[in-house]
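Please look through the structure below with an eye to how its parts are put together. The paragraphs that follow go from the overall make-up to the cores, and then to some individual residues.

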Amino acid sequence: MRRLWARVWLRHTALVVLVTALVAVVVIAVRDGDDGGHLAANRAQLRKACDGALPYEDLRRLVPDGRAGELTQHGTMLEPGQESRSLLDCSLSWGDGYGVTVHAEALVSDVPEGMQTDDLLGTAGADGTYVAPGTTGQYGRRGAWVVAECVGGLRGRVRPTTDLYVAVLVTDGEHQGGDSQAEREKRARADRATALTGFRTAVHVANAITKAQNCGSAPLKVPTRVLDTYQAYNDNADWQSERVEEPGRDLRKCGWINPRSLPGLMSGPWTTLGDIEDSGLVSACQGTWDAEAEDNDGTQPRDWQITGVEAASWAGILGRTAYDAYEREGHVPGWGATQSRGRPSGDGGNGDDGNSDSGKGGNGGREQAGAQGEDRISSYADDPQLALWARSVCDGRETYHRVSVIPSILIEDGATATLSAKEHAKLSRTARTVLDRYLSAADGWPKSVGCRDTKVLGEVEEWH
């Protein structure tokens, strides 16, 4: 009886094990069925998503087989009758950090991006920022953005506008790894590839919108490369060293910044840095006296001697955006202490050659300042400099220019420095010389876009 019971028990146990195994196989098969077989549907979805504006060939590498894509989208491009500030808002996600998000807007206000000189040069703490030469825009932690013009006007907003803003965030998984040279180079290459995909996607979307809206504008050129605005590592360089390449260093368009052509600058070697967008809408240059240059004779600058120069231009909506950004800080003509000193100045334009008249408006009201005597500058003033603003017509667009001279001054914490009327007048003269030289430089940006009808707007003392 015991042997019979044992055989029955063994058969029952084997049956239970077999059933359990079959259930496990079925569960695994069902799960595999849920996690696979989506590639064709996901690719078809990618072709149609975002009103068909996405670049399929650039994004297809992100499309997985194991999970169905999730799409959300709205905007006046999709539903012309709806009230929305967006032409297109679209998000396509495949999970695990893979996806693309698009926002396209007809701008009736400023571009929602940093537009000051430091932002253009990539020196405003924007480590990891890329540009695509020939494309007006940048790529950073929030993705890529570009601007485009629609000369025929964009539909979908109550107020008419000709300015299109497109922002794109492409995510292609998490880039993990160690701190070895190989791992860091791998991450850098992945970042550059993602930045390029972001730019190409933004340009494709912009071109699709301007075509659909019959803008009459030439399509934007689809970029084929990106450059790091802050530093570009050589693939063979030691990542632990300071050996980096700065693609914006010593550009021809910034070659006019040197003491030979600009009286009032500290003598000796200077280095220059320029933006590398190669855009017809925006440009920036910065020059700095190089205290560490090998051919420096050891001479140190005296107080108020100019050791830094900046010059930037913004056309169209970028000009309005930049001016508003400086205005929020009180750094445009007519604000604060400068207002009491007679700024902004009058018209200094001289016609069609792009050079501002060296007579009227050149001192920006400096004579009144001289009558009032000295200026006191606190140690808490952030990077004191004297700026000069002007406005021109460049390639048919209203364009703002800002130049500044940065003096050498050491102020102990809690103390103040005294700027005499005589030293202030020197700064004013040099700022005006910088503006004139910037506008007339043969290889400079203003000449390349035919700036004319320049009006000097006035000085700004950026130390109040």
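The protein holds 10 helices and 16 strands, and what is shown here is a predicted model. Of its 464 residues, 46% are buried. Among the contacts with a separation of 6 or more, 70% are between residues 24 or more positions apart.

Confidence should be considered before any detail. The average pLDDT of the protein is 82, and 77% of the residues score at least 70. Two stretches call for caution: over residues 232–243 the pLDDT stays under 50, although the model has 22 contacts beyond four places in sequence for them, and over residues 336–354 the pLDDT is likewise below 50, with 68 contacts in the model beyond near neighbours in sequence. Where pLDDT is low, the predicted coordinates should not be read in detail.

How many residues does the largest nonpolar core have, and which of them have the most contacts inside it? This core has 40 residues, and Leu54 and Val166 are those with the most contacts inside it. Two or more residues each come from the helices α2 (39–52), α3 (56–59) and α5 (181–212), and from the strands β2 (86–95), β3 (98–106), β6 (143–149) and β7 (163–172). The element that gives the most is α5, with seven residues. A second core, separate from this one, has 36 residues and includes Cys285, Val309, Ala390 and Ala431. In soluble globular proteins, nonpolar side chains tend to be buried together.

Val166 shows what one of these central positions touches. Leaving aside neighbours within four places in sequence, Val166 is in contact with His103 and Ala104, with Ala144, Trp145 and Val146, and with Ala202, Val205 and Ala206.

The helix α5 can also be checked for its length. At 1.5 Å a residue, its 32 residues should span 46 Å, and the C-alpha atoms at its ends are 47 Å apart, which agrees. After α5 comes Asn214, which is found in the loop between α5 and β8 (227–228). Asn214 has a positive phi, near 55°, in a residue other than glycine. Most residues other than glycine have a negative phi. Is Asn214 buried or exposed? With a relative accessible area of 62%, Asn214 is exposed, because that value lies over the 50% cut-off.

Asp278 also has a positive phi, of about 55°, although it is not a glycine. This residue is found in the loop between β9 (270–274) and β10 (282–289), and at 60% relative accessibility Asp278 counts as exposed. The C-alpha atoms of Asp278 and Thr135 are separated by 7.2 Å, although the two residues are 143 residues apart along the chain. Thr135 lies in another loop, between β4 (130–131) and β5 (137–140), and is buried, with a relative accessible area of 4%. Not counting residues up to four places away in sequence, Thr135 touches Val146, Phe199, Val203, Lys221, Pro223 and Glu277. Val146 is also among the contacts of Val166.

The aromatic residues offer another way through the structure, which holds nine aromatic pairs. In one of them, Tyr326 and Trp389, the ring centres are 5.4 Å apart and the planes are at 80°, so the pair is edge-to-face. The pair links distant parts of the chain, since Tyr326 is in helix α6 (residues 317–327) and Trp389 is in strand β13 (residues 385–394), 63 residues apart. Tyr326 is buried, with a relative accessible area of 4%, and Trp389 is buried at 0%. Both belong to one aromatic cluster, which is formed by Trp314, Tyr323, Tyr326, Trp389 and Tyr400. A ring also takes part in a contact of another kind at Tyr56, where the charged end of Arg47 sits over the ring, 3.7 Å from its centre.

Finally, Leu427 is found in helix α9 (residues 421–440) and counts as buried, at 1% relative accessibility. Its C-alpha atom is separated by 8.7 Å from that of Gln305, a residue 122 residues apart from Leu427 along the chain. Leaving aside neighbours within four places in sequence, Leu427 is in contact with Trp304, Ile306, Leu386, Val405, Pro407 and Leu419.

Key. Residues are numbered from 1 along each chain as its sequence is written. Side-chain values use heavy atoms; hydrogens and water are left out. A nonpolar core is a set of buried Ala, Val, Leu, Ile, Met, Phe, Trp, Tyr and Cys residues joined through side-chain atoms within 4.5 Å. Buried means under 20% relative accessible area, exposed over 50%, partly exposed in between (1.4 Å probe, protein chains only). Helices (H or I, at least four residues) and strands (E, at least two) are DSSP runs, numbered from the N terminus. Contact means heavy atoms within 4.5 Å. pLDDT is the predictor's confidence in each residue, from 0 to 100. The expected span of a helix is 1.5 Å times one less than its number of residues. Rings of Phe, Tyr and Trp (its six-membered ring) pair if their centres lie within 6.5 Å; planes under 30 degrees apart count as stacked, over 60 as edge-to-face and the rest as tilted. A charge sits over a ring if NZ of Lys or CZ of Arg is within 6 Å of the ring centre and within 35 degrees of the ring normal.
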